[in-house]
Amino acid sequence: MTAVTDLYPSRGSSEVTVPRQDPVVWGSPDTPGPIPAADLQGFERDGFLSVDQLIAPDEVEVYRRELDRLVDDPTIRADERSIVEPKSKEIRSVFEVHKISEVFANLVRDERVVGRARQILGSDVYVHQSRINVKPGFGASGFYWHSDFETWHAEDGLPNMRTVSVSIALTENYDTNGGLMIMPGSHKTFLGCAGATPKDNYKKSLQMQDAGTPSDEALTELAGQHGIRLFTGKAGSATWFDCNCMHGSGDNITPFPRSNVFFVFNSVENAAVEPFAAPIRRPDFIGARDFTPIR
Ligand code: 6CS
Ligand code: FE
């Protein structure tokens, strides 16, 4: 197999910034799908788009109950796909929910969800990663600033920025309970982080990321240039965001959980190869190796 060019070097001895070399919206204006043209332009410009009600309140109840069922199931807790909170040992995330749960498997192939992914990526898509984030109250920790693509390129071997995530709120996202923050426009700059990827990095990084963390100087520069947008919304609302947005979320010290389901769609034209900057692949429940398109 011919070596794939590394367009986005990262995890070397020093931090490096390169301009994005990929389109943001890969679909053409006549690619069919539920996103209006104006919203696609907004996605191109900002790197994200919000949908006030992707799923209806009665549907949210179904997914909330399924999330609670998974979190309360001792076999799920014992499964390596469950990540616990560092302090409370409560479940923080469950990966591969689209395989574990029939209910979430149906949601991932719902046209309102996969249809938007195909429209943005301009091709058939497969699930690179799925997870539920419970983010219970009373101190659940957030995720420090990072670009998902930096990890998915360095550790999972995604060659190009042809990947989109959707975070669907299953509880209300207030401005106080650790909501998603994105720097609008930051998706157009790739920040290669300093520091080699330790072996089995994922065992720590999914609780508290270390490798792939931008410097204070780089974050100051990006935030100064782009600002920071906090996403709030009712249960059932959703945020679609490009794989290379600089984003993060704060701790949740309120009594109100900020639970969401998170799907990552990758174009079948951008299937994972070998990691670009890691000694070994991550497990396939984190970075899929089954590229079967969602039908
Ligand atoms: O490493 C990953 O793939 C995961 N980490 C974070 C903080 N966001 C993206 C992704 O779920
Ligand atoms: Fe992330």
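A nonpolar core is a set of buried Ala, Val, Leu, Ile, Met, Phe, Trp, Tyr and Cys residues joined through side-chain atoms within 4.5 Å. I note at the outset that the model is predicted.

**Entry 1: the cores**

I looked up the largest nonpolar core and found 39 residues in it. Within this core, F104, I168, W240, F263 and F265 touch the most other members. I then asked which element supplies the largest share of the core. Helix α6, residues 111-121, does so with five residues. A second core, separate from this one, has 19 residues, among them V18, C245, F262 and A272.

**Entry 2: helix α2**

I next examined helix α2, which runs over residues 57-72 and has 16 residues. From its first C-alpha to its last I read 22 Å, close to the 22 Å expected at 1.5 Å a residue. Which residues of α2 are buried? I listed V60, Y63, E66, L67 and L70. Seen down the axis of α2, these residues fall within an arc of 125°, so they line one face of the helix. I recalled the general rule that an α-helix has 3.6 residues a turn, so residues three or four places apart point the same way. On the other side of α2, I found P57, D58, R65 and D72 exposed. The cover over the buried residues of α2 includes the helices α3 (74-78), α4 (97-100) and α5 (102-108). The strands β5 (125-133) and β13 (260-267) are also part of that cover.

**Entry 3: the iron site**

I looked up which protein atoms serve as donors to the iron ion (ligand 2). They belong to H146 (NE2), D148 (OD) and H247 (NE2), and they lie 2.1 to 2.3 Å from the ion. Along the chain, the donors follow the spacing H-x1-D-x98-H. H146 lies in strand β6 (residues 143-147) and H247 in strand β12 (residues 246-249), so the pair ties together parts that are 101 residues apart in sequence. I recorded the site as irregular, with angles of 82 to 179° among its four donor atoms. Are H146 and H247 buried or exposed? H146 counts as buried at 7% relative accessibility, and H247 is buried at 6%, because buried means under 20% relative accessible area.

**Entry 4: G248**

I closed with G248, which lies in strand β12. G248 is buried, with a relative accessible area of 3%. Leaving aside residues up to four places away in sequence, I found that G248 touches F143, Y144, W145, G179, L180 and M181. For one of these, L180, I also read the C-alpha separation from G248, which is 6.0 Å, although the two residues are 68 residues apart along the chain.

Definitions and conventions
Residues are numbered from 1 along each chain as its sequence is written. Chains are lettered from A and ligands numbered from 1 in the order in which they are written. This is a predicted model: local features need pLDDT of at least 70, side-chain atom pairs count only at pLDDT 80 or more; totals for chains, interfaces and linings use all residues. Side-chain values use heavy atoms; hydrogens and water are left out. Donors are N, O and S atoms within 2.8 Å of the metal (3.2 Å for Na, K and Ca); water is not among the atoms, so sites may look incomplete. Four donors count as tetrahedral if all angles lie between 85 and 135 degrees; four count as square planar and six as octahedral if opposite donors are over 155 degrees apart and all others between 65 and 115; anything else is irregular. Helices (H or I, at least four residues) and strands (E, at least two) are DSSP runs, numbered from the N terminus. Buried means under 20% relative accessible area, exposed over 50%, partly exposed in between (1.4 Å probe, protein chains only). Contact means heavy atoms within 4.5 Å. The expected span of a helix is 1.5 Å times one less than its number of residues. The arc is that of the directions from the helix axis to the C-beta atoms.
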